[in-house]
Amino acid sequence: MDDTAAQVNHASFWQNRYDQGQTNWDAGSITTPLKTYIDQLDNRHQRILIAGAGNAHEGAYLHQQGFDRVFLLDFATAPLERFAKAYPDFPRDHLLCQDFFDLDGLTFDLILEQTFFCAIHPNRRQDYVKQMHHLLATEGKLVGVLFDWQFETSPPFSGSIDEYLTLFSEYFYINTMAPCYNSIPARQGKELFIHLTKK
């Protein structure tokens, strides 16, 4: 395993990024693709996980819209502590400070993906897919955005639609995996919207 993988696979790497304010992946608010998807959801009692939640703008929006079974997962403490202070009425036991790959004993109807996959070293992408499949309930959905772009430095780690189709198709039905039409300006032409159902 190279040095970059060794770093990104540990909470201390990301905690340091938050402590030093190096959070250039953070858009500052919920992005258009996720907001548009959330706005058409009717069931506000489904169990929703945001893995690698970071500052969890999506979690804040869901909470504000009355979704009452939202869980935020991150193995860096800083963003979860910040979220808890900003939203004191959010259930504290729904803030999960642990490694995504170690999460067990919970299942979800929906998992939202936003700049988490691209933060994981590519040598763990198969593990990511298997763990998402494990965490989803029967016919559960994985929805969000993935980068279809080659980055000069990592993280974020690059990826392509051809890779993703091969990677996910063993465990998921591919309902949608297509260029994102409503990305925020900084990500225009770089994102794919995904809507996958657990096999």
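Let's start where two helices meet: in this predicted model, α6 passes α7 in a right-handed crossing. Two packed helices are described by the angle between their axes and the distance between the axes. Here, the axes of α6 and α7 come within 10 Å and cross at roughly 50 degrees. An angle counts as roughly parallel under 35 degrees and as roughly perpendicular from 65 to 115, and α6 and α7 are therefore oblique to each other. If you would like to find the meeting place on screen, look for R125, Q126, Y128 and V129 in α6, which meet E163, Y164, L167 and F168 in α7.

Now stay with α7 for a moment. Its buried residues are Y164, L167 and F168. They cover an arc of only 80 degrees around the axis, which puts them on the same side of α7. An α-helix has 3.6 residues a turn, so residues three or four places apart point the same way. Turn to the other side of α7 and you will find D162 and T166, which are exposed. And what do the buried residues of α7 pack against? Their partners are α6, β5, β6 and β7.

That brings us to the interior. The largest nonpolar core has 28 residues, and those touching the most other members are L49, Y128, M132, L142, F168 and F172. Two or more residues each are given to this core by β1 (48-51), β2 (70-74), β4 (108-113), α6 (125-135), β5 (136-147), α7 (161-168), β6 (172-179) and β7 (191-198). With four residues, α6 provides the largest share.

F172 makes a good place to pause. Setting aside its neighbours within four places in sequence, F172 is in contact with V129, M132, H133, L136, L142, L196, T197, K198 and K199. Apart from the core just described lies another one, of 26 residues, with L41, I50, L80 and F83 among them.

For a last stop, move back along the chain to helix α3, which spans residues 32-39. Which residues of α3 are buried? They are P33, L34, Y37 and I38. These four cover an arc of only 125 degrees around the axis, which puts them on the same side of α3. The cover over the buried residues of α3 includes α4 (57-64), β4, β5 and β7. You have already met β5 and β7 as elements that the buried residues of α7 pack against.

Terms used
Residues numbered from 1 in each chain as written. Predicted model: local features only at pLDDT ≥ 70, side-chain atom pairs only at ≥ 80, totals over all residues. Heavy atoms only, no water. Core = buried A, V, L, I, M, F, W, Y, C linked by side-chain atoms within 4.5 Å. Buried < 20%, exposed > 50% of the residue type's maximum accessible area, 1.4 Å probe, protein only. Contact = heavy atoms within 4.5 Å. Arc of directions from axis to C-beta. Axes fitted to C-alpha atoms, helices over the stretch in contact; angles between N-to-C directions. Parallel < 35°, antiparallel > 145°, perpendicular 65-115°, else oblique. Left-handed = near helix turned anticlockwise from the far one by under 90°.
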